Amino acid sequence: MPALDHSTFIRRLTGKSIDTHQLRSAYPDLDLRSIDGNGVINGTTPNLERLWEIIDNYDHDGNVNTISDQAALSIAEWLFSNTASPVASEDGRVNWRELAEHGDKSITENSNAHKTAIENTGVGLYYGDHSPFHDSILRGDHRALQTQLDAMSLGNWRLDSFEPGSVILEDASGGSARVRESSCIGWVIENVKAAYEGAGLGARFNEINSRVKEADLRGTVLCEELQKDGWTAVFYCPRPADDLAGSGEREKLGALNMAKAGARVWKSPVPGSTGVRCDAVIAGYRDVQPDDRTAALLEKLERVPFFVGVANGGIHTFVGHRGSVCDFHWTAQPDDKDAMTENPIRQWKWDTGLYMVPPGYWA
């Protein structure tokens, strides 16, 4: 972690609860007697100001508004990683089943709406952020964009205007349509937002979204945030360990071995990242007959109505529901019906990764 400033420290911990027992266990020499709390430090400004002063005592850069020594930075990093706003809806309760149902519904409705728009007008609701259409937008090439739209819609759509991350189209009758830029992580965030907001957890989603943006849109950091909310991290590896070893897949084999040991995997190079603790492992089921235990775990996973995941250390991010992984393809043009594709969990191509399962679906 680079030097940390006072305002960032206060902002990231405001409103959060800090377990003083866990904090003292991690840093026994930390003197917290000046902060009242009965086992919990509430993230009020006065409490956080006093906590900053305590941590600054471990720093020797001579500036009361920054900390840069490793001893002080490690305490701040621990706080960022081990505190989170209480997950609660407006009425104080969390209905994880409702969240999962809204996530499932969001995937289905958004995918179907895109395909229906293409069938009706030639142009869907999304384009990929690595598509020729997006490249033309970046160049400001109106002629190329209109040429593409004419080919997709037989001349029915005219480019009207640009918005950040989208374009507005207009037809001859004065009707309009908005086509949005998306990506694998953008598609995931859209459906996670629908799930959390549908369960009355909009404030917590905003916190998650902010954290993921700060981490340069890393799917692994999204998984870390979900784990803070009680989601189960299920590590998957379709290929047997000896297959990975025989192919020289050292990183994948190392991740599998760490997951089997219950270790954290795929820590991101961003402040506060700790990696994801693996709660369960499903391995050895591609092109082989899975043993009874593996088959039972696969069946359990296939019953989950909504999940979020990453593949191969975070190279790819996805959502899924009821036994199928749903990917967004970032090269998709606005008329691509396969911008989102679904594949059964057992046949999905990626070698290693994580399925994040909402609370209540993995005993």
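Let's start with the sheet. Seven strands make it up, and the sheet is open. Reading across, the order is β12-β9-β17-β13-β14-β15-β16, with mixed pairing. At the edges sit β12, residues 280-283, and β16, residues 340-344. Each of those two pairs on one side only. Neighbouring strands are turned against each other by 25 degrees on average, ignoring direction. One caution before I go on: this is a predicted model.

Now the helices on that sheet. Helix α8 covers residues 184-198 and packs on the sheet. α8 touches β13 (307-311), β14 (316-321), β15 (324-328) and β16. The direction of α8 makes about 40 degrees with that of β14. Helix α13, residues 292-302, also packs on the sheet. Its contacts there are with β12 and β17, the latter being residues 353-357. Against β12, the direction of α13 makes about 110 degrees.

Next, the pairings, strand by strand. Begin at β12. β9 and β12 are parallel partners, with 4 bridges between them. If you want to find that pairing on screen, look at valine 234: its bridge partner in β12 is alanine 280. Now step across to β17. β9 and β17 run antiparallel, joined by 5 bridges. Here threonine 232 has valine 357 of β17 as its bridge partner. One more step. β13 pairs with β17, again in the antiparallel sense, over 4 bridges. Look for glycine 309, which stands opposite tyrosine 355 in β17.

Stay on β17 for a moment. How many of its residues are buried? The count is 5 of 5, so to speak of this strand as mostly covered is fair, given that buried means under 20% relative accessible area. Both faces are covered. On one side you have Gly353, Tyr355 and Val357. On the other you have Leu354 and Met356.

Now a single residue, aspartate 229. Where is it placed? It lies in the loop between α10, residues 219-228, and β9, residues 232-237. Is aspartate 229 buried or exposed? It is buried, because its relative accessible area is 8% and the cut-off for buried is under 20%. What does its side chain meet? The side chain of arginine 204 makes a polar contact with that of aspartate 229, at 2.9 Å. Leave aside the neighbours within four places in sequence, and aspartate 229 is in contact with Val87, Trp96, Tyr196, Arg204, Ile208 and Pro359.

On to a helix pair. Two packed helices are described by the angle between their axes and the distance between the axes. Take α1, residues 6-13, and α4, residues 70-82. Their axes come within 10 Å and cross at roughly 25 degrees. Angles under 35 degrees count as roughly parallel, and α1 and α4 are therefore roughly parallel to each other. The crossing of α1 past α4 is left-handed. Which residues meet there? From α1, they are Phe9, Arg12 and Leu13. From α4, they are Ala76, Leu79 and Phe80.

Last, the whole chain. The protein has 13 helices and 17 strands. Its C-alpha trace spans about 70 × 55 × 45 Å along the principal axes. Of the 363 residues, 50% count as buried. Now take the contacts with a separation of 6 or more: 62% of them are between residues 24 or more positions apart. That's the tour.

How values were computed. Residues numbered from 1 in each chain as written. Predicted model: local features only at pLDDT ≥ 70, side-chain atom pairs only at ≥ 80, totals over all residues. Heavy atoms only, no water. Buried < 20%, exposed > 50% of the residue type's maximum accessible area, 1.4 Å probe, protein only. Polar contact = N/O pair within 3.5 Å; in protein donor to acceptor, adjacent residues only side chain to side chain. Contact = heavy atoms within 4.5 Å. Pairing = 2+ DSSP bridges. Axes fitted to C-alpha atoms, helices over the stretch in contact; angles between N-to-C directions. Parallel < 35°, antiparallel > 145°, perpendicular 65-115°, else oblique. Left-handed = near helix turned anticlockwise from the far one by under 90°.
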